[in-house]
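Me: I would like to go through some of the packing and strand pairing in this model. Please keep the answers short.

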Amino acid sequence: MNKVYFHADDFGRSSQISSSIINCIKKGNINSVSVMVSHLPNIYHGKLKNIKNINIKLHLNLTELHHKRSKILSNLNFFKLIFLNERNKKIIFDEIELQIKKFISIYKIKSLQIDGHEHIQMIPWIFNYIKNLKKKYKIREIRISNEKLLLPRISDVFKLSYLRNIIACLTLKFLNLFLDESLLKKKNFIGIIYTGHQTEDTIFKTINYYKNVTNTSIELLVHPGFTDKKERKLFKKKYFKFYNHSNRRREYELCFSSKIKNFLKNINGNQIL
């Protein structure tokens, strides 16, 4: 195993979410972050851009947009995207390139790493389109959400949300069968199964498993970005519940764990990401 990227998604979704992630980078264990570019002014991105030794990726967002110019872009979800008709796919292609160009203009990244909000990059026609842009935008990595299923803890099987995560994981593993991953670098991605349930134990368990079976890097996802009632108007009801959930605050606290800090330091040493 090369490195462990202790990774946070959703930077840029709101000022409060972004501030909590920044705090986890500066004072905690986060060393990698994915960025949305459609919500905040560039001044907020400057706070992340000026931090050294942090891995920064584009977090393509197609399911949580507010577009006055397009009803299509304002009402999408993962399954609607899977079955989108050919005429509307052109709108998505334009939006993908718009976000890529904006990300590059803000962060001046020389080679691009891309993942997707709610794993939309795993939808085959979206994945193929992004991959076809590889040379144009120097894309070196697209996140492959194909997590291995490990034996659950007894307590896990009694949690409805855990079982829901398993279904999501299996859905993404099925879609992975239709993806051509060749010519792209990739990390072993972890974080679907324990989304909303990450603890020190789950983190040690999954990293130790991958550490023993792979020579590639690991990207372990947590969600420490959270919002509050002051930002309620920025979100649809289901998304506000998602970003304001107590699980996000627990994963925020997890980012300051001294045990995790020492664990990552033993693996990564002084490597620059």
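Me: At roughly what angle do the axes of helix 2 and helix 5 cross?

Reply: The model is a predicted one. Helix 2 covers residues 42-49 and helix 5 covers residues 86-107. Their axes come within 10 Å, and the crossing angle is roughly 60°.

Me: Are helix 2 and helix 5 parallel or oblique to each other, and what is the hand of the crossing?

Reply: Angles under 35 degrees would count as roughly parallel, and 65 to 115 as roughly perpendicular. The axes cross at roughly 60°, so helix 2 and helix 5 are oblique to each other. The hand of the crossing is right-handed.

Me: Which residues make the contact, and how do they divide by character?

Reply: Helix 2 contributes Asn42, His45, Leu48 and Lys49. From helix 5 come Lys102, Ile106 and Tyr107. By character, the residues of this contact divide into 3 nonpolar, 2 polar and 2 charged.

Me: Why is strand 4 largely enclosed by the rest of the structure, and which residues lie on each side?

Reply: Strand 4 spans residues 112-116, and 5 of its 5 residues are buried, so the rest of the structure largely encloses it. In a regular strand, side chains alternate between the two faces of the sheet. Here both faces are covered: one side has Leu112, Ile114 and Gly116, and the other has Gln113 and Asp115.

Me: Which residues stand opposite Asp115 and Leu112 of strand 4?

Reply: Strand 3 (residues 55-60) runs parallel to strand 4 and is joined to it by 3 bridges. Strand 5 (residues 139-142) also pairs with strand 4 in the parallel sense, over 3 bridges. Opposite Asp115 stands His59, and opposite Leu112 stands Ile139.

How values were computed. Residues numbered from 1 in each chain as written. Predicted model: local features only at pLDDT ≥ 70, side-chain atom pairs only at ≥ 80, totals over all residues. Heavy atoms only, no water. Axes fitted to C-alpha atoms, helices over the stretch in contact; angles between N-to-C directions. Helix = DSSP H or I, 4+ residues; strand = E, 2+ residues; numbered from the N terminus. Parallel < 35°, antiparallel > 145°, perpendicular 65-115°, else oblique. Left-handed = near helix turned anticlockwise from the far one by under 90°. Contact = heavy atoms within 4.5 Å. Nonpolar A, V, L, I, M, F, W, Y, C, P; charged D, E, K, R; others polar. Buried < 20%, exposed > 50% of the residue type's maximum accessible area, 1.4 Å probe, protein only. Pairing = 2+ DSSP bridges.
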